[in-house]
Structures are given as structure tokens and as C-alpha cells.
Amino acid sequence: MNRIRRITDILVNVWMRAGLYLLLAIPVLIGVGLYWKAAPIIGGHSLSDLLFSRQWFPMKGEFGFMPFIYSSAYVTVLAFILSAPLCLFAAIYLTQFGKHRLLQVMLPVIDILAGIPSVVYGVWGVLVIVPAVAKYVVPLFGVVSSGYSLLAGGVVLAVMCIPYMLNMLIEVFQTIPVGMKEASLSLGATHWEMVKHVIIRKGFPGILSAFGLGIAKAFGETIAVLMVVGNTLDISVSPFSPGYPLPALIANNYGEMMSIPDYDSALMFAALLLFVIILVINLFFRYFIHKTEKI
Amino acid sequence: MRTWKVWEQRLVKGISFLAAYSVIFILLFLLFVVFSKGLKALSWGTVFSLPKGGYYFGGEGGILNAIVGSFYLSVGATVLAVIIGVPAALFINVQLIRLKRTQNTIRYLLDALWGIPSIVYGAFGFALMLLLGLHASLLAGIITVALLITPILVRAFDEVLKTIPVELQEASFSLGSTKTETALRVIFKQGLAGFITALLLAFGRGIGDAASVLFTAGYTDNIPVTLDEPVATLPLSIFFQLSSPIEEVRERAYAAAVVLTFFILLISVSARFLSKRYAKNIIK
Amino acid sequence: MITYPVFSYQKAKKPQRMVNHQEKQTPIIEVKGLNVRTREGEILKNINLQIPRNKIVVLLGPSGCGKTTLLKSLNRLTDLHKELQVSGEVLIDGVDILKVSRDLPIMRQKMGLLSQRPFPLPVSIYRNVAYGLKLKGIRSKDLIAHSVESNLKRVGLWDEVKNRLNSPANSLSIGQQQRLCLARGLAVKPAIILADEPTSALDPISTKIIENLFKELKEHYTIILVTHVLRQAVRLADHVVFMYYGDIIEQGHPDDILKRPQTEVLKKYLVDGN
């Protein structure tokens with residue numbers, strides 16, 4: 001081997017290694033970086049105070065994240081309740097009961113819709129969901145609301161999650177071996193019994209993972225929710241009152257936080273919180289998928 | 001067959017039919033609303049001019065700053081992601097080919113990274129920016145978006161690379177190629193279709209993402225000339241204009257939403273088309 | 001409409017079929033003008049075939065000739081592949097399975113399926129065998145337990161699994177799984193066994209066990225066996241059907257067909273196959 005070839009070989013090798021290590025270092029860097037910026041507030045307050053206190057007065061140095069965590073959890077759960085059953089049944093229909101052609105058309109469509117930016121979903125939410133909540137839903141319950149509410153946030157998130165979860169569910173259902181379906185049918189199962197006993201049971205880890213990853217996505221979504229949720233500090237049971245999820249807190253206040261001491265650190269803490277929660281959910285459910293893929 | 005079995009099956013079929021078609025309806029409805037609202041507001045002037053005086057109070061001008069800005073930002077981030085990501089993906093599939101466990105662990109970590117919300121990248125990018133002594137600028141935006149899209153690019157490329165048979169590499173080694181030569185000449189060529197798909201996927205994510213550039217790229221009415229100038233992006237231009245109380249400004253947000261959606265659709269469709277075209281040269 | 005009276009289970013010990021002479025001679029399956037096609041082309045072209053009772057009928061032919069598709073058309077598992085268009089008639093005991101709708105599960109229970117690779121359902125060994133019985137609506141625990149035991153004994157699996165009936169079925173070896181699948185199929189008391197290269201994934205010993213079981217079973221069952229192992233066809237077949245590109249080329253007794261082939265295609269296949 002001549003010298004030029006050997007040198008290129010070494011250089012390219014170094015480059016490849018560097019790329020991979022840098023990539024794998026990203027989560028570590030994010031974790032460390034956010035922790036470093038959030039350190040002042042973690043040092044100055046107890047963790048349980050930060051997580052469970054409802055007192056949010058940055059001017060007085062009181063940072064209780066409870067209202068934000070509450071809002072985040074509220075819209076996420078709402079989005080999950082609205083979208084998960086819909087996606088599950090739609091995936092069953094598309095892969096099991098529907099015409100072959102429908103699935104072939106829908107697969108690329110779902111794939112493309114999953115790539116539409118969240119700000120577009122937000123625009124749709126402002127145009128459709130917010131007025132619909134204010135005009136049609138709220139009067140039914142005899143309350144007053146601008147429409148910018150937890151409910152609107154939940155609905156927009158649900159719609160955003162649909163292509164994402166549907167995609168994963170269809171993939172899960174398509175990996176179930178035909179032979180197993182044949183076995184169930186040949187033993188006298190009706191089509192639905194086959195779906196129940198084979199598709200759903202065999203695909204159960206996959207279904208759970210799709211749901212889990214959908215929840216994680218909803219929990220971290222920023223712009224679309226920010227646009228419709230109202231952004232008011234409040235802990236309310238009613239879906240018609242506005243909320244203020246964690247990502248919206250970060251996004252809304254970054255410009256103005258420099259003047260208040262510890263405020264930027266508090267926002268970094270919020271980002272760290274999101275990062276940790278979502279990374280844990282992702283690692284957990286991805287592990288499920290990786291386990292089942294190998295079988 | 002028992003009657004209740006028939007009814008149970010009919011009920012489930014009915015429910016799932018409704019679910020499938022309501023999903024289709026909702027998604028079509030979404031596109032319809034965005035397009036019908038936006039196309040009305042769309043004009044040559046909106047797309048091809050910069051904001052002029054009094055623009056944010058309903059004055060003359062357009063969103064060219066955001067369109068070009070988004071393009072600059074996403075191209076820069078994609079280039080950076082390619083520089084980091086492509087060698088990493090090749091490394092996973094050439095050097096680590098015998099280490100299945102390591103490969104799977106890396107894929108697992110990258111998949112998990114894919115799920116991290118962009119606001120977290122945004123916050124981290126901001127911290128990084130302060131550390132490096134940058135201010136909100138095209139460069140800071142490019143770095144942040146690159147962090148966001150590199151895992152996506154790598155995993156999408158890797159999905160195709162991992163289907164290339166090991167024998168092909170062995171054949172290349174037996175002809176006297178080194179590992180890196182094999183990676184660049186054989187594996188990269190075989191995975192070209194996957195590379196293009198991955199590239200466009202990452203580019204699309206870069207164009208569409210708002211939360212990561214919110215504090216890192218800034219916002220401006222001009223088209224940036226150097227890397228350290230702030231830059232406007234389409235998602236943020238939609239976001240800012242939509243919160244305006246003035247109807248004309250909101251109209252432009254709808255127009256910008258159509259432009260953005262159109263770009264994303266164009267990118268997705270061409271990714272599908274190109275990956276099919278290039279797939280023809282691949283040894284199965 | 002075909003009904004399976006539950007009380008027939010009490011006779012499960014002695015699986016003897018009370019058939020009169022007349023019935024014995026009519027074919028149990030009659031395929032008339034069966035066509036299966038996809039958008040790309042035809043898989044089966046106008047198949048006409050009669051399958052006699054209590055015989056082992058072997059479908060022979062090169063891979064991709066439509067053997068498996070023909071087998072799966074018999075109990076309409078082609079439904080699972082929505083891109084397939086099926087037309088013609090498949091009469092099982094005189095009833096066209098392609099035309100029934102709500103009785104399809106009952107029709108399918110007349111045919112046990114053994115596929116290329118064993119596919120145990122994702123439940124325990126016990127519940128795999130009990131699965132078909134529960135689908136039939138049998139609730140009696142004793143009856144089910146009895147059937148599970150007798151069918152596992154019949155395939156020679158009982159002694160191997162009796163202490164771990166509740167462990168998952170995929171913890172068994174491939175050979176054991178295939179026998180489990182056979183026991184599971186037999187438990188619903190079919191009249192026909194459809195076997196699609198059932199030994200292709202198995203080791204020689206498990207293959208031997210399955211082949212011997214088939215020889216015993218043909219006394220009470222009609223067995224349709226897809227294979228491309230010529231020697232297996234010779235060992236087992238009472239009747240051989242040779243298929244080539246979606247057509248039936250020749251059929252008849254194995255001594256005639258395999259020793260004195262009439263067509264060039266079959267001659268060539270027999271030479272290459274050995």
C-alpha cells in the first residue's frame with residue numbers, strides 16, 4: 001500500500017470515529033450543559049420545592065414549577081385519550097379490515113403528514129379549534145372561555161400525534177407473521193377474534209411503545225401548544241381554562257429573563273426537566289421495540 | 001357461528017372503519033384549512049419581497065426574509081449534519097459490522113435522541129451560544145439545528161445501510177480495498193438512495209422546526225450576508241405574525257404557513273421519488 | 001349449514017368416522033375452475049381437482065408453481081392477502097367455501113393447517129391446543145383438559161410437555177412446536193389436514209416423527225401435503241398432483257406418475273429433483 005492511500009485511510013478513519021463519538025456525546029453534552037446552567041437554582045432551592053410548589057414569583061425568587069408540570073401533564077393526557085384509541089382502531093382497520101389499496105395510498109400520506117411542522121398544526125388550531133371551543137363547546141357547559149384553553153392544546157396535540165403514532169402502529173401490525181394469523185383463522189377464529197388473539201396480543205409491546213413515544217412527543221411539543229393553550233398561570237380542573245405547559249414557559253420567556261436573577265437558570269431547569277423525563281420515556285419504550293425487533 | 005360473534009365483529013369493524021376515516025378526514029381537513037386560508041392571502045408580493053416600513057402594522061412587504069433565512073439555516077445545518085453524520089453512519093456499518101451488540105446499542109441511543117423535543121435543543125443551543133461567546137445569529141442557529149437533525153440523518157441513512165449484505169464488503173476487502181475505501185466507494189454508493197432520503201428528511205426537519213431557533217437565530221427583516229447576523233425563519237415568521245392583532249399581518253402568517261407546508265410536501269415527495277430512482281442501481 | 005354438535009366430543013377417545021360406502025367414494029374436496037390472480041399475473045389457472053377421502057394427496061412442483069396458493073385457497077386463507085383475486089369453486093363436502101360468509105370459521109375447522117414453519121400462538125402450550133375448542137364454544141374444563149391430553153399424546157408430545165403445560169409455546173424446540181401445531185389442529189376434529197412443507201424446517205428425526213404420524217392419521221383424515229422433497233412424496237403419497245406455473249400437468253398414483261412420467265416438464269423435474 002502506498003503512503004497516500006495509508007494516510008487517507010487513517011484520516012478518514014479518524015473523521016468517522018470523531019463523527020460517531022460526537023454524535024453519541026450529544027445527549028451527555030445536553031444533560032451536562034443544561035445542568036450546569038440550571039445549577040444556581042438547583043443549589044438555591046430544594047428539589048421538592050421546585051417540583052411541587054405552586055408559588056411562581058420570579059421577582060421574589062420563588063420558583064414552583066407545579067402549575068407548569070400540571071398543565072403539561074393535563075394536555076398530554078388529554079391528547080393521549082383523544083388520539084390513542086382512534087389511532088389503534090384506524091391502524092387495525094387499515095392493516096386488517098380495509099382494502100389493500102387504501103393502505104397503499106395512506107402509508108405515504110401518513111408519512112408525509114408526520115413531517116408537517118408543528119407550527120402549521122398550530123395555525124390550524126388557531127383557525128379551527130380555538131374558535132370551535134369558544135363558540136360551540138363552551139356554551140354547552142355554560143362557562144365562558146376565549147377558546148385558548150387546555151382543551152384546545154389537547155386537541156391540537158392529539159391531531160399532531162395521529163400520523164406519528166399511526167405510522168408506528170401500522171409498522172407493528174405489519175411485522176406480525178402471516179403464519180400466525182393463518183394458524184388462528186384455520187382453527188376457526190373469526191377475523192376479529194384473530195385480530196384480538198394474534199395481532200393485538202403479539203403486537204402488545206409494540207402498541208405500548210407507540211403509545212409511550214406518542215406521549216413523549218406530546219409532552220415535549222412546544223410551538224403548536226404555545227399558540228393555542230392560553231399561557232396563563234393557573235391550576236384548574238376545567239379543560240376550558242387556559243394552561244401553561246413547560247415548553248411554552250421556556251419559549252415564551254427567553255427574551256425577557258435576563259433582567260431577573262435566577263430566572264434564566266429556572267428556565268434551564270425546566271428544559272432539563274423536559275429532557276430527563278422525555279429521555280427516560282424514550283429509552284424505556286425504545287428498549288421494548290429493540291427487544292421485540294430481534295425476535 | 002354464534003350470533004353474538006357476528007355482532008361483535010360487525011361492531012368492531014364499524015368502529016375501526018369510523019376511526020380510520022375520521023383520521024383521514026381530520027388530516028385532509030387540516031390541509032384544506034391551511035391551504036384555503038393561505039392561498040387567499042398569497043401573492044407574488046408576499047413571497048418575493050422583504051418587509052417594508054410599517055410592515056408589522058399591515059404595511060407593504062413580504063416574507064422573503066423568512067423564506068431565504070430558513071433556506072440558509074437549513075442548508076447550513078444539513079451540511080454540518082452530513083459532515084458529522086455520514087462518516088458516523090458509515091462507521092457503524094463498516095467498522096462495527098461484526099459487533100452486532102454495539103451496533104444495536106448505538107441505534108438504540110440514536111433512536112432515543114430522535115425523540116428529544118426541539119425546545120430542549122433550543123435551550124441547550126442557547127447555553128452553548130453563551131459559552132462560545134456568540135449571539136443570536138445564523139451560525140448559532142445552524143449549530144443548534146444541526147444538533148437536532150444529525151441523529152435523524154444518521155438513523156435514516158443507517159436504516160438503508162444496514163440492509164446491504166456483508167458479502168459485498170467482504171468482496172471489496174478481498175479485492176484489496178481498505179475499510180475506509182470500502183466504506184466510501186462501495187457502501188456509500190450502495191446506500192446512495194438512503195442518503196438522499198436521509199438528507200431530504202433532515203433538511204425538511206430543519207426548515208420546519210421553530211422551537212430550536214427561537215432563541216438562537218434571532219429575527220430580522222433582512223437577508224443575512226454573514227454568519228454572525230441574525231436570521232429570520234419561516235416557522236417563527238408564522239408564529240410572530242399570527243399573534244398580531246392586525247388582520248393583514250395575520251393573513252400573511254397564513255400565507256407563510258402555505259409556503260412552509262408546500263416546501264415540506266415538495267421535499268417529502270421528491271425524497272420518495274428520488275430514492276426510488278436511485279434504488280435501481282442497487283444490488284439486491 | 002354445517003353444525004358441529006358439542007356432544008360429538010364425548011367420543012373423542014376413538015376418532016372413528018361413521019361413513020357409509022356412498023360417502024367414501026365421493027371426493028371430499030372438489031375444486032372447479034379455480035383462478036387466483038394478482039394485478040401482475042395469474043398464480044393459478046383454471047384448476048380442476050378432486051381429492052379422495054382418507055388418502056394422502058401430495059402436491060408436487062418447483063417452487064413458485066402455486067402449490068401453496070392452491071393449498072391456502074382450500075380453506076380460504078387467501079383472504080389474508082388482499083391483493084389476490086380468487087374465482088371459481090372450492091367444494092368442501094359439497095359446500096363452496098368461497099361463497100360462505102358467516103359459516104367460514106366452521107368450514108375452516110374442518111381443515112387443520114400445518115405450515116412450513118411452526119407458528120404457535122403467543123400463549124401457553126395448553127392454551128394453544130385448547131384454542132380451537134374454546135372458539136367452538138366449549139366451556140367444560142374437563143372436556144378441554146381431556147382433549148388437550150389425548151391430542152398431545154397422539155402426536156407423542158405429552159410426556160415431553162406434561163410438566164410445563166403453562167409455559168409459553170415458543171419455549172419448545174422447532175420439532176416439538178410443529179407437533180404441537182399438529183395437535184392443536186387435530187383438537188378441533190377436522191376431516192382434512194392441509195400440510196404445507198411441514199418438515200422443511202425440521203431435523204431428520206422430527207421429520208420422521210411427522211411422517212409416521214401422517215401414515216397413522218390417514219386412516220381417519222384426508223391429508224393434502226405440499227412438498228418438494230421427492231423421496232417424501234414417494235414414501236407417503238397415495239396420489240400425486242404435479243403442478244407447474246399455476247397448472248396441473250399430471251396427476252395419478254405415485255407409481256405411475258413418478259416412474260413413468262408422460263410430460264417433458266415432469267421428466268425434467270424428476271431428473272433434476274433427484
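Let's start with contacts inside chain C. Take those between residues at least 6 apart in sequence: 68% of them join residues at least 24 apart. Keep in mind that this is a predicted model.

Now, what does chain C contain? There are 11 helices and 10 strands. The radius of gyration is 19 Å, close to the 19 Å that the globule rule gives for 274 residues, so chain C is as compact as a globular protein of that length. Its C-alpha trace spans about 55 × 40 × 40 Å along the principal axes. How much of chain C is buried? Buried residues account for 42% of its 274 residues.

Next, the record. UniProt has an unreviewed entry here, and it lists "domain: ABC transporter" for residues 29-270 of chain C. Over that stretch, the chain is 37% helix and 25% strand. The C-alpha atoms at its two ends are 27 Å apart.

Let's zoom in on one sheet of chain C. Four strands make an open sheet, and the order is β2-β1-β4-β5. The pairing is antiparallel. Why do β2 and β5 of chain C each have one side without a neighbour in the sheet? β2 (42-51) and β5 (95-96) stand at the edges with a single partner strand each, so one side of each is left free of a neighbour there.

Look at one of those edges. Strand β4 of chain C covers residues 85-92, and two bridges join it to β5(C). These two strands run antiparallel. Which residue in β5(C) is the bridge partner of C:Leu91? That partner is C:Asp96.

On to the domains of chain C. Domain 1 comes in two pieces, 26-110 and 190-274. Domain 2 is 122-188. Their C-alpha centres lie 26 Å apart. The contact between them takes 11 residues from domain 1 of chain C and 10 residues from domain 2 of chain C. Which helix gives the largest share of the domain 1 side? Helix α8 of chain C, residues 204-217, gives that share, with four residues. By class, the domain 1 side has eight nonpolar, two polar and one charged residues.

Now chain B. An unreviewed UniProt entry gives the annotation "domain: ABC transmembrane type-1", and it covers residues 67-271 of chain B. What is the helix and strand content there? Over residues 67-271, chain B is 75% helix and 0% strand. The end C-alpha atoms of that stretch are 20 Å apart.

Chain B is also divided into two domains. Domain 1 is 3-41, and domain 2 is 55-281. Taken over C-alpha atoms, 32 Å separate their centres. How many residues take part in their contact? Domain 1 of chain B gives six residues, and domain 2 of chain B gives seven residues. On the domain 1 side, four are nonpolar, one is polar and one is charged.

Last stop: where chain A meets chain B. The contact takes 69 residues from chain A and 69 residues from chain B. Which element gives the most on the chain A side? Helix α1 of chain A, residues 3-44, does, with 17 residues. The chain A side divides into 51 nonpolar, 12 polar and six charged residues.

To recap, find two things in the structure above. One is the open sheet of chain C, in the order β2-β1-β4-β5. The other is helix α1 of chain A, which gives 17 residues to the side that touches chain B.

Key: Residues numbered from 1 in each chain as written. Chains lettered and ligands numbered in written order. Predicted model: local features only at pLDDT ≥ 70, side-chain atom pairs only at ≥ 80, totals over all residues. Pairing = 2+ DSSP bridges. Contact = placed C-beta atoms within 7 Å. Nonpolar A, V, L, I, M, F, W, Y, C, P; charged D, E, K, R; others polar. UniProt positions renumbered as here; feature names shortened; annotations may be inferred. Domains from an automatic or database assignment. Rg over C-alpha atoms; globule rule 2.2 N^0.38 Å. Buried ≥ 20, exposed ≤ 12 C-beta atoms within 10 Å, placed from the backbone.
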